[in-house]
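Visitor: I am new to this structure and would like a close look at a single part of it. Could you take me slowly through the place where the aromatic rings gather, and then through what surrounds them?

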Amino acid sequence: MTGTFELFNNGHTSFGFRLKAPDGAVLAFSNQFTDKASAVQAIQAVREHAAMGLIADSCTTAEASTPKTKHP
C-alpha cells in the first residue's frame, strides 16, 4: 500500500495538504497556499523529489536513539 496526499481548504481562504500513511497516520503537513492549483503543484514536486531525497541532519544536539546499557 502507498500513502495518500489529502488536499484540504481552510475556511475557503487557503489550501494545503497532508501526507497520510496507509494506516491513516499523518506523516507530514504542507504550508498553506493561496489557491488549489499551487497546492497540487507542490504535491507533484514532493512526489517527484522525495522518493530519492537525502536526509540532511540539521539537529543542533546529539540525541541517543537507543538507551545505553551497562555491561557487567
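Guide: A good place to begin is with F17 and F33, since F17 is buried and F33 is buried as well. Please keep in mind throughout that what you see is a predicted model.

The structure holds two aromatic pairs. In one of them, F5 and F17 meet edge-to-face, with 5.8 Å from centre to centre and 65 degrees between the planes. This pair links distant parts of the chain, for F5 belongs to strand β1 and F17 to strand β2, and the two residues are 12 apart. F17 has a relative accessible area of 8% and is therefore buried, given that buried means under 20%. F5, by contrast, is partly exposed, with a relative accessible area of 25%.

The other pair is made by F17 and F33, and here the rings are stacked, 6.4 Å from centre to centre with 10 degrees between the planes. This pair, too, links distant parts of the chain, with F17 in strand β2 and F33 in the loop between β3 (26-29) and α1, 16 residues apart. Taken together, the ring pairs link F5, F17 and F33 into a cluster.

Helix α1, which spans residues 36-49, also reaches this part of the structure through I43. Leaving aside residues up to four places away in sequence, I43 touches F5, L7 and F17. I43 counts as buried because its relative accessibility is 11%. Its contact with L7 joins residues that are 36 apart in sequence, and the C-alpha atoms of I43 and L7 are 9.2 Å apart in space.

Let us now turn to the two strands that carry F5 and F17. Strands β1 and β2 pair in the antiparallel sense, over six bridges. They form a hairpin with five residues between them, and in the turn G11 has a positive phi of about 65 degrees. Within this pairing, F8 stands opposite G16 in β2. The ring of F8 has a charged companion, because the charged end of R18 sits over that ring, 4.3 Å from its centre, where the limit for such a placement is within 6 Å.

R18 leads us on to the charged side chains, among which the count comes to two salt bridges. One of them joins the side chains of R18 and E6, at 2.4 Å from N to O. Since R18 lies in strand β2 (residues 15-20) and E6 in strand β1 (residues 4-9), this pair ties together parts that are 12 residues apart in sequence. E6 is partly exposed, with a relative accessible area of 26%.

K20 also forms a salt bridge with E6, and there the closest N and O atoms are 3.4 Å apart. Again the pair links distant parts of the chain, K20 being in strand β2 and E6 in strand β1, 14 residues apart. K20 is partly exposed, with a relative accessible area of 24%. Salt bridges that share partners thus join E6, R18 and K20 into one network.

To gather the picture, strands β1 and β2 are linked by the aromatic pair of F5 and F17, and they are linked as well by the salt bridge of K20 and E6. F17 also pairs with F33, while I43 from helix α1 touches both F5 and F17.

Technical notes. Residues are numbered from 1 along each chain as its sequence is written. This is a predicted model: local features need pLDDT of at least 70, side-chain atom pairs count only at pLDDT 80 or more; totals for chains, interfaces and linings use all residues. Side-chain values use heavy atoms; hydrogens and water are left out. Helices (H or I, at least four residues) and strands (E, at least two) are DSSP runs, numbered from the N terminus. Buried means under 20% relative accessible area, exposed over 50%, partly exposed in between (1.4 Å probe, protein chains only). Contact means heavy atoms within 4.5 Å. A salt bridge is a side-chain nitrogen of Lys or Arg within 4 Å of a carboxyl oxygen of Asp or Glu. Rings of Phe, Tyr and Trp (its six-membered ring) pair if their centres lie within 6.5 Å; planes under 30 degrees apart count as stacked, over 60 as edge-to-face and the rest as tilted. A charge sits over a ring if NZ of Lys or CZ of Arg is within 6 Å of the ring centre and within 35 degrees of the ring normal. Two strands pair if DSSP finds at least two bridges between them.
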